[in-house]
Amino acid sequence: MALAGRTEELTRLHELLDEAVRGAGNAVTIRGIVGCGKTALLHEFAARAAARGIAVLTASASPAEQALPLGVLGQLFTGVSGISVTSGGSGDDDPAAPVRRLLDRAMAAVRSETPGDAVEQARIMRELWLTLYARSQDRPLLIGVDDAQHADEASLRYLLYFVRRLSGARIQLVFTEWDHPRRIHPVTDLDLLRQHHCHRLRLAPLTGDLVAAVAAAQLPLPDAERLTPVLHELSGGNPLLVTALIEDARRGQTPPGEAYRMAVLTCLHRGEPAGLRVARAVAALDVPGGATGGASGGGPGGGPGPASEIQELVHQLAGVDPASADHCLDVLNATGVLRAGRFRHPAARQAVLADLDPEDRARLRAEAAASLYARGAAKAVVAEHLVAAGTTGGRWGVDVLVEAAEQALLGDDPGPALDCLRLAARECADGRRRADITMSLVHAEWRTNPGAVERHTPALITALHRGHLRPADAHTVIRQLFWQGHYDHALSVLPWLGVDAGGDSAEQVERRITDHWLACFFPPFATGRDAHGPLPVAQGPGKARAVAAMFAVLTRRPGKEAAHAAEQYLQSTRLGDDSLQAIQSALVALLYADTARAAFWCDSAIEEAGERRAPSWRAVLQAVRSEIAIRQGDLPAALRSATAALAGMPRQSWGVTVGTPLSGLVLAATRMGAHDTAAAEVRRPLPDSIFQSRFGLQVLDARGHHFLATGRERAALRDFLRCGELATRWGVDLPTYPQWRLGAAAAARALGDQRRAWELVRAQLAGPAADEVWARGATLRAQAALSRPQHRPALLRESVALLQDTGDRYELALALADLSETHRALGEPSRAQMFRDGALSLAEACGAAPLVARLEPGRAGSRAGSRASSRASSRDGAAAARGRAGADGARAGLSDAEYRVASLAAVGYMNREIADELRITVSTVEQHLTRAYRKLQVPGRAGLAGRLPSATYRRHTAACARPAPRA
């Protein structure tokens, strides 16, 4: 394998051996970089020579034995490591005995300090040579010395003596040594160069074609062709590295793998000690993908090249002089471990650093950080070294880490930011500065896992008591404690923020935001709400207006001013650590005013959170999106969003706010008929603290609907009434949300308690904001269910008219289904069929399988659910586009006359009734309807309900509807 690509060199060696066999002895020096295959070539050549009957003597020099006199010569002649003289004669019982005696004499002469020993050395050299020469006449001899650059001086003198006498001998000497810019043995070089029978072979790095040949010999051809560019790029043509990369591929590892990393270390440890130190310095300085220096660096990959400041710093870290450092870099580049002074792959750098002891590695990285900082290197690069070293090196290091973290967060890369801030917070000695750093760490951790923030709570509470936190940070701590359900801790520190919330200072505004936020999400703990009232929506900072808009919607009633303020904030604000809460508030405020706009802005924010690699932000926003989708009647979207939200961060990280995605999932799954999915979530244990928040109301409401849909009416009634009890106690009992009375009324009616159901519906109609469009539309449907059959059509027509304008397709489908059943009960099958078709179309679009099955009793539940989900998925894009277009899109294609006729037909008016109402002929009604069907692309009256969601339509139908009985 390793000899692939060395055919020419092997052929040349055999040609020279043939000359030696014929009596023209010669010497060959094989040179090349570490790992280029010199040793493999020598061994292969020696093996082939022995197979030809050539006597072979080989030795391998080593730095560890370089101080041992005659160490290499001893290997050649005394059988060290199994190497011995192989003679063709048979005269002596021990042919090697005379040689050993000569070596003993040579060793004694080397160790002696008497002047006469030089003469003795010359005699021994001559006798050894004559011995070799004599035996070569019977059998040609090959002498091979591997890594000759490490040979001891005494052995080299003997070998050079032999080289000078090769002419006429049947002997070939082959040396392998490094291809070194600085010669290890200059005397040896000069001596060999003077000999006409001395030859040099240089093993160059493998070309791309040769690498391809190596790969093709070891890998399936498709893999070889695919990997050849990678093999050549990562190895620089070094056969040892090529072989290792191929081994990784054969093991199923994507090159580079473990074999490559070990091969890199082999190259370094077999080289010069200074080269290893330089490689370690390069590994410490060479930050992947980033510039090491300041303004002057500019090498491959965005970092400095070999002649830039990284090279200037290497000699300092390696502890060698600049010239030696340059030389070592040249060697490492030639070896293929480096390219232009940098590692060819991060795996090589990681292997070199991992090869160090932990203490040495930390020391090296700390020294690198200090050197780079002194030269004005990029903060991110210096910070990476500090983090790797696990120390700041002083106050300057804390500053560098904080600045690098800020840069990373601006680039939406929280990983490095977290590493920097954790180290800075641990090492910072100043209490106030440490509190600031910890708050930055809290924000950064919140992006990926809010649950991780809990570990900082004790330190932050201490900092709050000591006055080390800024107002905004102090309130962030308060809100985080409520988020996690740590009410006792939150209430214990809330008095520390006892400022007048009526002013306009930064601290007063933050207090007011907290008050409104608590009133919306944690009403039992709201403070100052009654005293200060809602912040005027048009005043204050942007996030204060957003939270105030939510406050106005959730504790008062939806209004245009609040919706306008919420959307204005969404238009002007970028998602961030300090804006997420306000964006969430604005979306909730907009949810109850315009679901289509809320969905648009929420989708935009979710997309931005994904782009900015903030999974926790994304999860929180997806939870809001599930609320919006429920309100739109888009059940598949609600289920997807809620599921994605819960998967987006660990359950424990949600704290009590898990109620939002949990309720969205349960409610959507229940309405879609996926009762097993809903039941699995309902069975999950929840902390008691959740039922001291708005999120608990959401859970109770969703759970009640699940129980009601699965025949557990008493459990449903219990949850709805508990929801109402809490909402009433907290002062948030509004028809907008939660609609607990309607759920309780449905449960009571299912239990046969008509009186109680009537009481609940009447209370709903008489409550505050009872004229809110969506609430009244849903309540009228509940009233119709309790009313006499002859009173139901008018109630349901008004319900349909109101719900048309809310964008809630599910509630509208329910109202149309009830209207269809009412007309069927009254003996009006044509009207019943028309409303049934409209309800069925909407139910399928919503993915509401149980409602589809109710409208088509013969359809199997599973088939209905599959068809409903399929249609809902295929229509998601179109439905969303229609929702955003609003009333104007539906109105644009119709004339005024056509629109008036179609509006009345959509809620069940027959042609004669439309003609009487509008004082036109029946024929004119028919003509207008025909044109309306064509323009709106609907097959008939049933399709009109979903295409006319406008205020004009509601006014027409409300004016035409009979007064609805209230009792």
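In which crossing, left-handed or right-handed, does H29 pass H30? Keep that question in mind while you walk through this model, which is a predicted one, and which we will visit in four stops.

**First stop: the sheet**

Select the five strands that form an open sheet, and you will find them in the order E2-E3-E4-E1-E5, with parallel pairing. At the edges stand strand E2 (55-60) and strand E5 (198-203), and because each has a single partner strand, one side of each is left without a neighbour in the sheet. As you look from one strand to the next, the twist averages 15°.

Now narrow the selection to strand E1 (residues 26-32) and strand E4 (residues 171-178), which run parallel and are joined by seven bridges. If you colour glycine 32, you can see that tryptophan 178 in E4 stands opposite this glycine.

Next, add helix H1 (residues 7-21), which packs on the sheet and touches E1, E4 and E5, with a direction that makes about 165° with that of E5. Then add helix H6 (residues 153-163), which lies across E1, strand E3 (141-146), E4 and E5, and which runs at about 135° to E4.

**Second stop: serine 371**

Move on to helix H16 (residues 358-374), where serine 371 has its place. Is serine 371 buried or exposed? Its relative accessibility is 16%, and therefore serine 371 counts as buried, since the cut-off for that word is under 20%. Show the side chains around it, and, once its neighbours within four places in sequence are left aside, you will find serine 371 in contact with Leu313, Gln316 and Leu317.

**Third stop: helix H19**

Select residues 414-427, which make up helix H19, a helix of 14 residues that reaches 20 Å from its first C-alpha to its last, close to the 20 Å expected at 1.5 Å a residue. Several residues of H19 are buried, among them Pro414, Leu418, Cys420 and Leu423. To see what the buried residues of H19 pack against, display helix H17 (379-389), helix H18 (395-410) and helix H20 (431-448).

**Last stop: H29 and H30**

Finally, select helix H29 (residues 595-611) together with helix H30 (residues 615-632), whose axes come within 9 Å and cross at roughly 160°. That angle is over 145 degrees, which means that H29 is roughly antiparallel to H30. Here the opening question finds its answer, for H29 passes H30 in a left-handed crossing. The residues that make the contact include Ala598, Cys602 and Ile606 of H29, and Trp617, Leu621 and Ile628 of H30.

Technical notes. Residues are numbered from 1 along each chain as its sequence is written. This is a predicted model: local features need pLDDT of at least 70, side-chain atom pairs count only at pLDDT 80 or more; totals for chains, interfaces and linings use all residues. Side-chain values use heavy atoms; hydrogens and water are left out. Helices (H or I, at least four residues) and strands (E, at least two) are DSSP runs, numbered from the N terminus. Buried means under 20% relative accessible area, exposed over 50%, partly exposed in between (1.4 Å probe, protein chains only). Contact means heavy atoms within 4.5 Å. Two strands pair if DSSP finds at least two bridges between them. Axes are lines fitted to C-alpha atoms, for helices over the stretch in contact, and angles run from 0 to 180 degrees between N-to-C directions. The expected span of a helix is 1.5 Å times one less than its number of residues. Angles under 35 degrees count as roughly parallel, over 145 as roughly antiparallel, 65 to 115 as roughly perpendicular and the rest as oblique. A crossing is left-handed if the near helix is turned anticlockwise from the far one by less than a right angle, and right-handed if clockwise.
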